[in-house]
Amino acid sequence: MKKFLSGLIIGAMLMSTTSVFAEKVDVLVGQLKFVVDGKEIVDGKKAGNETLVYNNTVYISLPTVAKAFNKEAGYDTNGKVATLKSKAEAPAPTVANEYTHIVNKAPQYSLKINSVKTMTERNQFSEKKPKQVIIVDYEYKNLGSDKEVYLGDSNFKVIDSDGSMGYSYPNTVTNYPQSLVKDSKCSAQAIFGLDHETKQVTLNFYDNMFGSVTKTFKINVQ
């Protein structure tokens with residue numbers, strides 16, 4: 001529905017400092033659908049004052065434009081400067097600096113992820129042809145339990161940045177996981193193939209491979 005607004009209202013919406021007392025003009029507020037690259041940002045049927053059409057010129061509010069391009073909007077009232085800037089991205093988490101203590105009734109143990117690195121080596125006899133191969137270096141301790149602790153690649157599941165699941169990949173490791181007796185520890189490695197090149201992986205650890213996720217790590221790939 002068209003709304004007839006005075007020039008004074010138009011001037012205020014456009015951040016003008018000049019007061020205008022003029023004849024009434026035809027202004028269409030809202031009702032304009034705003035679409036960017038096929039994505040609807042403003043629904044014309046539900047639009048408020050995000051859009052305005054005056055004298056065959058379309059005006060779109062700064063916050064609406066910011067939303068369309070995933071930016072942060074700002075306005076300096078003193079300098080009268082409207083700004084759009086990229087949203088600050090939180091730095092991707094790296095590996096844990098401390099042991100992640102997983103306490104069970106039996107056994108009790110701790111786990112630490114040291115690094116995740118890309119491997120250039122490929123297994124020429126494997127039927128799998130991953131886009132990227134990563135090696136996860138980790139260490140774990142038996143915290144005084146009489147029951148032996150063993151954490152292998154079946155305790156981990158990897159997800160790449162595309163959201164695709166990784167898979168165990170047959171390649172050469174330096175340190176193999178071992179069954180740990182009371183108060184012992186070891187360093188181990190697990191290798192996974194990914195179908196998409198990625199700079200960060202989600203590494204899910206499962207105390208019980210048939211259960212739910214025990215701990216999730218988001219780790220940069222070196």
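Okay, let's start from the outside: the accessible surface of this chain comes to about 14200 Å², and 50% of that belongs to carbon and sulfur atoms. Of the 222 residues, 33% count as buried. What you're looking at is a predicted model, so a word on confidence before the details.

The mean pLDDT of the chain is 78, with 72% of residues reaching 70 or more. Which elements sit at the two ends of that scale? Helix 1, residues 7–13, has the lowest mean pLDDT among the elements, at 39, and strand 14 has the highest, at 96. Over residues 1–20 the pLDDT is below 50, although that stretch still has 26 contacts in the model beyond near neighbours in sequence. Where pLDDT is low, the predicted coordinates should not be read in detail. I'll leave that part alone and go to strand 14 and its surroundings.

In terms of secondary structure, the chain has 16 strands and two helices. Take the contacts between residues at least 6 apart in sequence: 58% of them join residues at least 24 apart.

Now the inside. In soluble globular proteins, nonpolar side chains tend to be buried together. Here the largest nonpolar core has 24 residues, and the members touching the most other members are L111, I113, Y138 and Y140. Two or more residues each come from strand 10 (109–119), strand 11 (132–142), strand 12 (156–159), strand 14 (185–194), strand 15 (200–205) and strand 16 (215–220). Strand 14 gives the most, five residues.

If you want one residue to click on, try Y140. Leaving out residues up to four places away in sequence, Y140 touches S110 and L111, then V149, Y150 and L151, then P177, Q178 and L180, and finally S184, K185, C186 and A188. There's also another core lying apart from the big one, with six residues, including V133, I135, Y169 and I191.

Staying on strand 14, have a look at Q189, which lies in that strand. Is Q189 buried or exposed? Buried: its relative accessibility is 15%, and the cut-off for buried is under 20%. So what does the polar end of that side chain reach? One partner is the side chain of D137, a polar contact at 3.4 Å. The other is the backbone nitrogen of T174, at 2.7 Å. Around Q189, again skipping residues up to four places away in sequence, you find I135, V136, D137 and Y138, plus V173, T174, N175 and P177.

Next, a residue in the loop between strand 13 (167–168) and strand 14: N171. N171 is buried too, at 16% relative accessibility. Its side chain reaches the backbone oxygen of E121 at 3.0 Å. Beyond four places in sequence, N171 touches M119, E121, R122, N123, V133 and I191. Two of those names, V133 and I191, you heard a moment ago as members of the six-residue core.

Let's flip over to E121. That one is in the loop between strand 10 and strand 11, and E121 is partly exposed, with a relative accessible area of 37%. E121 and N171 are 50 residues apart along the chain, yet their C-alpha atoms are separated by 7.8 Å. Which residues does E121 touch, not counting those up to four places away in sequence? N171 and T172. With T172 there's a side-chain to side-chain polar contact of 3.3 Å. In other words, E121 offers its backbone oxygen to the side chain of N171 and its side chain to that of T172.

Last stop, charges. How many salt bridges does a search of the whole structure find? One. D146 pairs with K182, the closest N and O atoms being 3.9 Å apart. The two are 36 residues apart and link distant parts of the chain: D146 is in the loop between strand 11 and strand 12, K182 in the loop between strand 13 and strand 14. D146 is exposed, with a relative accessible area of 71%, while K182 counts as partly exposed at 45%.

And one backbone oddity in the loop between strand 13 and strand 14: D183. Its phi is near 65°, a positive value in a residue other than glycine. D183 is exposed, at 59% relative accessibility.

That's my tour; happy to go back to any of these residues on the screen.

How values were computed. Residues are numbered from 1 along each chain as its sequence is written. This is a predicted model: local features need pLDDT of at least 70, side-chain atom pairs count only at pLDDT 80 or more; totals for chains, interfaces and linings use all residues. Side-chain values use heavy atoms; hydrogens and water are left out. A nonpolar core is a set of buried Ala, Val, Leu, Ile, Met, Phe, Trp, Tyr and Cys residues joined through side-chain atoms within 4.5 Å. Buried means under 20% relative accessible area, exposed over 50%, partly exposed in between (1.4 Å probe, protein chains only). Helices (H or I, at least four residues) and strands (E, at least two) are DSSP runs, numbered from the N terminus. Contact means heavy atoms within 4.5 Å. pLDDT is the predictor's confidence in each residue, from 0 to 100. A polar contact is a pair of N or O atoms within 3.5 Å; within protein, one must be able to donate a hydrogen and the other to accept it, and residues adjacent in sequence count only if both atoms are side-chain atoms. Accessible areas come from the Shrake-Rupley method with a 1.4 Å probe; for residues, only the protein chains shown count as cover. A salt bridge is a side-chain nitrogen of Lys or Arg within 4 Å of a carboxyl oxygen of Asp or Glu.
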